[in-house]
Amino acid sequence: MGVFLMVIFVGFVLGLILNHFLPLLFLKNKKLGALPRGSFGYLPLLGETLAFLNPHPSTNIGSFLQEHCSRYGKVFKSHLFFSPTIVSCDQELNYFILQNEDKLFECSYPKPIHGVLGKISMLVVVGDTHKRLRNVALSLVSTIKSKHEFLTYIEKTTLQILDSWKDKKQVIFCQEARKFTFNVIVKQVLGLTPEEPQTVRILEDFLTFMRGLISFPLYIPGTPYANAVKARIRISSSVKQIIKERRRNNIIFNNNYNICENKNINPQKKESDFLEILLGVDTLSEDEKVSFVLDALLGGYETTSILMAMVVHFLAKSPTAFEQLKVEHASIRSKKNKDESLNWEDYKMMAFTQNVINEALRYGNIVKFVHRKALKDIKFKDYLIPAGWKVLPILSTVHLDPSIHSSPLEFHPWRWETQRQDQTSKKFTPFGGGSRCCPGSELARVEVAFFLHHLVQNFRWSVEGDDQPIAYPYVEFERGLVLNVEHFAL
Ligand code: HEM
C-alpha cells in the first residue's frame, strides 16, 4: 500500500513538473521568432508567482521586475498565475497588446476572480457581450458625469466629510476617502443616501466582497473567498430588490429620460442615477443589469479612494504644488457666490488640478498591470508570443521608466503642462487602453478635483510617520495614511 501511494505521489510530482515545462517543449511556430528570455522558476504551477507578487512601494517597480528587466530585458517569459506568461514592461508592446483586444489578445483574469465577480461582469466577459455592456457604460457615464445633481452631490459629500474634520487634529485619510467614494458611488448608481438602511447593508456586504477579491481563492465555508462569493449573492439580491421597488413605483422615462409617465409622482423628484437609466435599456438582460451595477460599485469605490489618498500624500511633500493648487481653486471660487455650487465649466478650469491628478496616477500606479491572453501565435519585433500564453502588460514600469519620463521618481505635476494628449497615449496608461480603457476615468477625476477644491481652501496637513503606498499588487497605505490636519478658513 505504502509503495503504491509512493508511486502515485512520485507520478503526480513528475506530472506537475512535466506540465510546468511542457509549454517550452512544444512551440509550433518557431519560425515566427524565438521566445523572449526568462525563467519559469522551479515551483510547478506557481513558477515565479510568489516573487512577482512580493509587495513593494507602488512608486517603484519592485525588485522582481527590476532584476528580471536587467537580466532579460523589458520583455521576458515567466510562469505566473498557473500559466506560461510573457511579461511586458515595454511601452510599444503594451500599446500593441491593449490596442489589439479581441483580435490578437483577450482579457483573461484568473478563474477565482470570475468566481467572485460573477461570469457576466464587464471585467471578465469578452467579445460581443463585452461590447454590449461597454456601450451602455460609456453612454451612462457621458450622460451622468456633467449632470448638475451628480456634481452637487459630490460637493455636498465633500463638505460633510470636511465639516466632520473641523475639530479634529488627526484623521485616517483612507477611511475618510472610502466613506466619500462609497457615498458618492452608491448615490450615483442606486440613488441611495448613507442614512438609508439598505446602504449600510450593502456597504457591509461590499467590504466582505472586497476582502475576498484579494484573498487566497479557497472555497471553504468561513474563508474570506467563500464569504465574498456569498456577499456578492446578497448584494445582487439587494440590487434586485431595489429594481423591484423602482418598477413598483412605476417610474418609466421615455428614451430621452425626461418624461415621467406616472402622474402620481412629482417629476422633480425623479431619480437620475445609473439604475434608472439602466432600467430603460433593453439591450441588457436583468442579470446583466444587476452585474453592471456591481461593476460600477466596484470600479468606482476602491480605485478612486486610493487616488485621493495618493494626491493628498504627494501634496503633503510638495508645498509648491499645494500653494499653486490653492491659487487655482481660490481663483475659481472668487468668480462665484460664497455658497454657489461648482459646475462642469468650473471643472474645466482646473488645469493644474488635472496635472496633479495625472502625476499622482503616474507616480502612484494604482493599477500595476492587467491580465491578457494571446489568441494566436504573434510575432512582435523579434519575439514570439505563443497562442494561449498569458500576457501581462505592466503599466507601472512605463510610468517609472527614466528613458520615457524624466526624473520619474519625483512628484513633478508641472511635467504635464507641456504634454499633448496624443503624445501621452503610450507612455501614460493609468486607466488601461484600447477597447477596455476604464469607462469611469472622468468620474474619478471629477470626484477628486471637487474634493481638492474644498480641501486645499480649508485645510493644511502633514502625514504622520512614514506611510507610503504599497503594491500588494492592489495598492494600499500600510497605516491608512494618518494625517495631522489644521483647519483654516479663507
Ligand atoms: C482612479 C480611479 C480608477 C482607476 C485607476 C481605474 C483603472 C482601470 C483600469 C486600468 C481598467 C482596465 C482593466 C483592463 O484593461 O483589464 C479599468 C476598467 C474598468 N473600470 Fe476603472 N479605474 C478607475 C475608476 C473607475 C470608476 C470610477 C469606475 C466606475 C464608476 C470604473 C469602472 C471600470 C469598469 C467597469 C472597467 C471595465 C472596462 C472594460 O472591461 O471595458 N473605474 N479601470
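# Ligand shell, two sheets and two backbone oddities

Student: How many residues surround the ligand, and which are the closest?

Tutor: The ligand has 25 residues around it. The closest are Tyr109, His130, Arg134, Arg372 and Cys438. Keep in mind that this is a predicted model.

Student: What donor does the protein give to the iron atom of the ligand?

Tutor: A single one: the SG atom of Cys438, 2.3 Å away.

Student: Where does Cys438 sit in the chain?

Tutor: In a loop. That loop runs between α17 (421-424) and α18 (441-458).

Student: Okay, polar contacts. What does Arg134 do at the ligand?

Tutor: A polar atom in the side chain of Arg134 is 2.7 Å from an oxygen atom of the ligand. Arg372 also uses its side chain: an N or O atom there lies 2.7 Å from a ligand oxygen.

Student: And Gly299, which part of that residue is involved?

Tutor: The backbone. An N or O atom of the Gly299 main chain lies 3.5 Å from a nitrogen atom of the ligand.

Student: Which helices supply at least two residues of the shell?

Tutor: α6 (127-144), α12 (286-316) and α18 each do. α12 gives the most, with 6 residues.

Student: What's the mix of nonpolar, polar and charged in the shell?

Tutor: The count is 14 nonpolar, 8 polar and 3 charged.

Student: Switching to strands. What is the order in the sheet with β13?

Tutor: The order is β5-β13-β10. This is an open sheet of 3 strands, and the pairing is antiparallel. The edge strands are β5 (170-172) and β10 (459-463), each pairing on one side only. From one strand to the next, the twist averages 35 degrees.

Student: How many bridges link β5 and β13?

Tutor: There are 3 bridges, in the antiparallel sense, and β13 covers residues 482-487. Ile172 stands opposite Val482 of β13.

Student: Which strands does α12 lie across?

Tutor: α12 lies across β10 and β13, at about 85 degrees to β10. α18 also lies across β10 and β13, running at about 90 degrees to β10. Both helices came up earlier, as suppliers of residues to the ligand shell.

Student: What about the sheet with β11, what's the order there?

Tutor: That one goes β1-β11-β12. It is an open sheet of 3 strands, with antiparallel pairing. At the edges are β1 (56-57) and β12 (475-477), and each pairs on one side only.

Student: How many bridges between β1 and β11?

Tutor: The antiparallel pairing runs over 2 bridges, with β11 at residues 469-471. Pro57 has Ile470 in β11 as its bridge partner.

Student: Now backbone geometry. Which residues does the cis peptide bond join?

Tutor: Tyr472 and Pro473. Omega is about 20 degrees there. Pro473 is in the loop between β11 and β12.

Student: And what is phi of Phe81?

Tutor: Near 50 degrees. That is a positive value in a residue other than glycine. Phe81 is in the loop between β2 (75-80) and β3 (83-88).

Student: Why flag a positive phi or a cis bond?

Tutor: Because most residues other than glycine have a negative phi, and most peptide bonds are trans.

How values were computed
Residues numbered from 1 in each chain as written. Predicted model: local features only at pLDDT ≥ 70, side-chain atom pairs only at ≥ 80, totals over all residues. Heavy atoms only, no water. Donors = N, O, S within 2.8 Å, 3.2 Å for Na, K, Ca; no water. Helix = DSSP H or I, 4+ residues; strand = E, 2+ residues; numbered from the N terminus. Near = heavy atom within 4 Å. Polar contact = N/O pair within 3.5 Å; in protein donor to acceptor, adjacent residues only side chain to side chain. Nonpolar A, V, L, I, M, F, W, Y, C, P; charged D, E, K, R; others polar. Pairing = 2+ DSSP bridges. Axes fitted to C-alpha atoms, helices over the stretch in contact; angles between N-to-C directions. Contact = heavy atoms within 4.5 Å.
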